[in-house]
Amino acid sequence: METVANPTYMKRKRNGRISIKAGSKSERVIRLTMMLLFVLTVTAFLLFDYTGLELWTAIVETGQNLKVMFFEPALNHFTWAEAFYQVGVTLGLAVLSTIIGAVIAFFLALMAATNLSKEWVTKVVRVIVAFIRAVPTVLWVLIFAIAAGLGSEAAVLGMLFHSIAYLVKAFSEAFEEVDKGILEALRATGSSWWHVVIHGIMPSTFTYILSWTFLRFEINFAVAVAMGAAAGAGGIGFELFMASGFYFDLSEVGFITYAILIIAIILEVFSTQLKNRYFPSSVRN
Amino acid sequence: MSEKVMQKRKWQMTIALIIIIAITYLSAAITKFNFIDGLVAFPEAIGWMFSNLLITQESLEKLPTILDKLVETIFMSIAATTTAAVVSIFLGIMGSKTTSINGFLSTFARFIASVSRNIPVVAWALILLLSFGQNSLTGYLALFVGTVGFLTRAFIESIDEASHSAVEALTATGATYFHIVNKAVIPQSLPQMISWILFMIETNIRSATLVGILTGTGIGYTFDMYYKSMNYNVVALVTFSIVIAVIIIELMSNYIRKVIM
């Protein structure tokens, strides 16, 4: 309110009148977004299809199911050794799609980084990446399953797409942050584009690349579980699907859930440490 | 950089690369993944896509039903995200170091967030399907649980980052706890929170497809139905409508983000 004393700080409309609308544009947009989301949410609940739902019994049953799952986990249809093997398959799928994805993403990111490549190449790569990101992973895997036949190849190829899209964005941003001086010095000595990449870009971004790849590995583990369940890609996700959808064996579902949970938490602890070490400010996904 | 450091770096890089290659081979052996087959399958698959995934006149007739299901899916993801955001704000305030009431509640909030985030959405969907049956609410709840876990962590981070000095200033004036949360913490971290909510809506539309395949609801079920009956023209149409919806929502949220951040 003190600003009223000083006319230069007063907000005026185009015709010279004092603006009496409170807040800036950003505040208005925030309020509008929140209102829009609220309205959409209310409409969503009205539009939902509630066929065959008895809410109270469903809640009670889910409570009982969760109790059985978490307090009486057991293995009935396969052995410990097999459980380890299936977890290994899921981890293997995640590793393969992450590492192959990282290698391909590295080259694409070189093309997508504005300081290393031509402007139109950058734009083309970014548009392709945006398109790839928009198709859900499960659809990629299912489409590859018909096109390339079932098996780990289809799953890995399908999961590759999103890994590449994610890593290209992360890598190219890291490349763009490389000190201009390094690149300029190398170019001044007459080194070729490949020399710049190998001796300028690689050494200064190597740790970033490794950390981003690991962060993607954490995501890919969850994706691999999902692909096992929804696209028949095998691994622990498929066992989860069988246990709940075919055997209706809640103790086994509980055991598998615990197995997934433990690995996911281990991966999360690692990646949080990586983030704190290499990315001081918060990391955007 | 001295020569010694350079040498050390080189060694580190070589060892890291060797370990990575070893892990890759091990994974390939476990999953029976054949690199040559994968390499050969890729161009074949792309060729197959271009010759089979075509949108024809016939498939366009299915467009109204597809759009109907797509709208249902989008609504489901938005509802799951906003309701989860409301819960996450409370959990986030409980869990953040700047605003936590006591150690027990803080740990409790973090524990809930960690468990619901690290159990994959697929598992939640399958568990809920058993008693909720085939309807929108199952998908909604599965997305809701996963989103609470993710958003709580994100909100804790944004609250921790944003508001130290403002909280200190308000504490110095003798403001109550609710004043501090209401006037300092929420307004400061709100743009960040909205940005996370928008991000989560985008993610959830993609996950909703996956959940839909498992629970038999929304656009995922439509896709699965035509996929299993091998009507690939309609499959292409479904895929394209998802792509367009996701890109439109991404553009909208990018605009909002640009204005508010």
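This is a short tutorial dialogue on reading helices, contacts and backbone angles in a two-chain model.

Biologist: What kind of model is this, and how are its parts numbered?

Modeller: The model is predicted, so to speak of local features we need pLDDT of at least 70, side-chain atom pairs count only at pLDDT 80 or more, and totals for chains, interfaces and linings use all residues. Residues are numbered from 1 along each chain as its sequence is written, while chains are lettered from A and ligands numbered from 1 in the order in which they are written.

Biologist: Let us start with a helix. What span does α1(B) reach?

Modeller: Helices are DSSP runs (H or I, at least four residues), numbered from the N terminus. The expected span is 1.5 Å times one less than the number of residues. In chain B, α1 covers residues 3-31, and its 29 residues reach 42 Å from first C-alpha to last, close to the 42 Å expected.

Biologist: Which residues of α1(B) are buried?

Modeller: A residue is buried if 20 or more other C-beta atoms, placed from the backbone, lie within 10 Å of its own, exposed if 12 or fewer, and partly exposed in between. In α1(B) the buried ones are B:Ser27, B:Ala28, B:Ile30 and B:Thr31. Their cover includes α3 (80-112) and α6 (152-176) of chain A, together with α2 (35-52) of chain B. By contrast, B:Gln7, which lies in helix α1 of chain B, counts as exposed because it has 10 C-beta neighbours inside 10 Å.

Biologist: What happens just after α1(B)?

Modeller: Here is the general idea: most residues other than glycine have a negative phi. B:Lys32, just after α1(B), takes a positive phi of about 55°. This residue lies in the loop between α1 and α2 of chain B and, with 13 C-beta neighbours inside 10 Å, counts as partly exposed. B:Met230 also has a positive phi, near 60°. B:Met230 sits in the loop between α10 (218-228) and α11 of chain B, and is exposed, with 9 other C-beta atoms within 10 Å.

Biologist: How do I read two packed helices, and at what angle do α1 of chain A and α11 of chain B pack?

Modeller: Two packed helices are described by the angle between their axes and the distance between the axes. Axes are lines fitted to C-alpha atoms, for helices over the stretch in contact, and angles run from 0 to 180 degrees between N-to-C directions. Helix α1(A), residues 25-47, and helix α11(B), residues 232-260, pack at about 140°, with axes 8 Å apart. They are therefore oblique; angles under 35 degrees count as roughly parallel, over 145 as roughly antiparallel, 65 to 115 as roughly perpendicular and the rest as oblique.

Biologist: Which residues meet there?

Modeller: Two residues are in contact if their C-beta atoms, placed from the backbone, lie within 7 Å. From α1(A), A:Lys25, A:Ser26, A:Val29, A:Ile30 and A:Thr33 meet B:Ile256, B:Val259 and B:Ile260 of α11(B). By class there are five nonpolar, two polar and one charged residues. Ala, Val, Leu, Ile, Met, Phe, Trp, Tyr, Cys and Pro count as nonpolar, Asp, Glu, Lys and Arg as charged, and the others, Gly among them, as polar.

Biologist: How many residues does each chain give to the whole contact?

Modeller: Chain A gives 67 residues and chain B gives 65. On the side of chain A, the largest share, 12 residues, comes from α1(A).
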